[in-house]
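Got your viewer open? Let's walk through a few selections together, one stop at a time.

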Amino acid sequence: AYLQDARDIWFYQGIYLGIIIIIICYNIVIYTSERDVSLLWYSGMLASLGVYFLEISGVGFYLPGRLGRAFSLWDWYGGGGAILALVVVCFCQFNRHYLSLDRRSRRFDRLLWATALVTAVGFVACYVAGRPQLGHFVIYCGALSSLLTGVGGALHAAVSGYLPALVFLVS
């Protein structure tokens with residue numbers, strides 16, 4: 001029973017990672033024709049989430065050969081926090097580019113830039129200072145700030161008549 005449950009879990013985790021890879025490839029193909037930078041930031045965010053999933057699910061430790069050993073070493077030195085900081089940075093940049101905040105709302109554009117910068121630099125500073133728990137707190141605050149600022153920017157863009165902002169808000 002245990003082995004069957006383990007196989008089922010690995011099967012579903014493989015489906016999840018496969019869907020992430022398919023969406024990343026799809027966005028890159030669309031980028032080649034559209035040249036919309038937000039697609040690359042979205043792909044970066046998905047790739048970061050995929051790597052983080054490999055860590056928290058434990059799948060990354062079972063990767064074959066040197067990749068599995070490198071993943072274990074990377075995890076030991078705080079790679080999970082670094083990848084979460086990268087998720088926040090990619091999410092902020094995706095929001096900025098998808099919502100065209102540089103043209104629609106300079107205030108939200110600057111807030112998202114600041115959130116990305118403070119999250120990345122704050123995590124690195126906390127980690128170098130030997131305070132990884134504080135670094136994770138910085139990441140979680142950055143994630144909350146990026147969500148709230150992204151929704152605020154989308155609301156502002158939607159009120160000014162930018163229709164993709166409505167899609168952003170609904171999703």
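Before you click anything, keep in mind that this is a predicted model. Start by selecting helices α4 and α8, residues 163-170 for the latter. Their axes sit 10 Å apart and the two pack at an angle of about 145 degrees. Now show side chains at the contact: from α4 you want Phe 94, Asn 95 and Tyr 98, and from α8 you want Pro 164, Val 167 and Phe 168. Colour that set by class and you'll get 5 nonpolar residues, 1 polar and no charged ones.

Next stop: keep α4 on screen and bring in helix α7, residues 132-159. Here too the axes are 10 Å apart, but the packing angle is about 15 degrees. That angle is under 35 degrees, so α4 runs roughly parallel to α7. Look at how they cross, and you'll find that α4 passes α7 in a left-handed crossing.

Which residues in α4 meet α7? Select Gly 81, Leu 84, Ala 85, Val 88, Phe 91, Cys 92 and Asn 95. On the α7 side, add His 136, Ile 139, Tyr 140, Gly 142, Ala 143, Ser 146, Leu 147 and Gly 150. Sorted by class, the contact of α4 with α7 has 9 nonpolar and 6 polar residues, with no charged ones. Asn 95 is worth a second click, since you've now met this α4 residue at the contact with α8 and at the one with α7.

Time for some charges. How many salt bridges does the structure hold? There are 2. Select Arg 96 and Asp 109 for one of them, with N to O at 2.4 Å. This pair links distant parts of the chain, 13 residues apart: Arg 96 belongs to helix α4 (residues 79-98) and Asp 109 to helix α6 (residues 106-128).

Are these two partners buried or exposed? Arg 96 is buried, because its relative accessible area of 10% falls under the 20% cut-off. Asp 109 is buried as well, at 5%.

Leave Asp 109 selected and add Arg 106, which forms a salt bridge with Asp 109 at 4.0 Å between the closest N and O atoms. Both residues lie in α6, 3 residues apart, or about one turn of the helix. Switch on the surface and you'll see Arg 106 partly exposed, with a relative accessible area of 44%.

Finish by showing Arg 96, Arg 106 and Asp 109 together: they are linked in a network of salt bridges.

Methods:
Residues numbered from 1 in each chain as written. Predicted model: local features only at pLDDT ≥ 70, side-chain atom pairs only at ≥ 80, totals over all residues. Heavy atoms only, no water. Salt bridge = Lys/Arg side-chain N within 4 Å of Asp/Glu carboxyl O. Helix = DSSP H or I, 4+ residues; strand = E, 2+ residues; numbered from the N terminus. Buried < 20%, exposed > 50% of the residue type's maximum accessible area, 1.4 Å probe, protein only. Axes fitted to C-alpha atoms, helices over the stretch in contact; angles between N-to-C directions. Parallel < 35°, antiparallel > 145°, perpendicular 65-115°, else oblique. Left-handed = near helix turned anticlockwise from the far one by under 90°. Contact = heavy atoms within 4.5 Å. Nonpolar A, V, L, I, M, F, W, Y, C, P; charged D, E, K, R; others polar.
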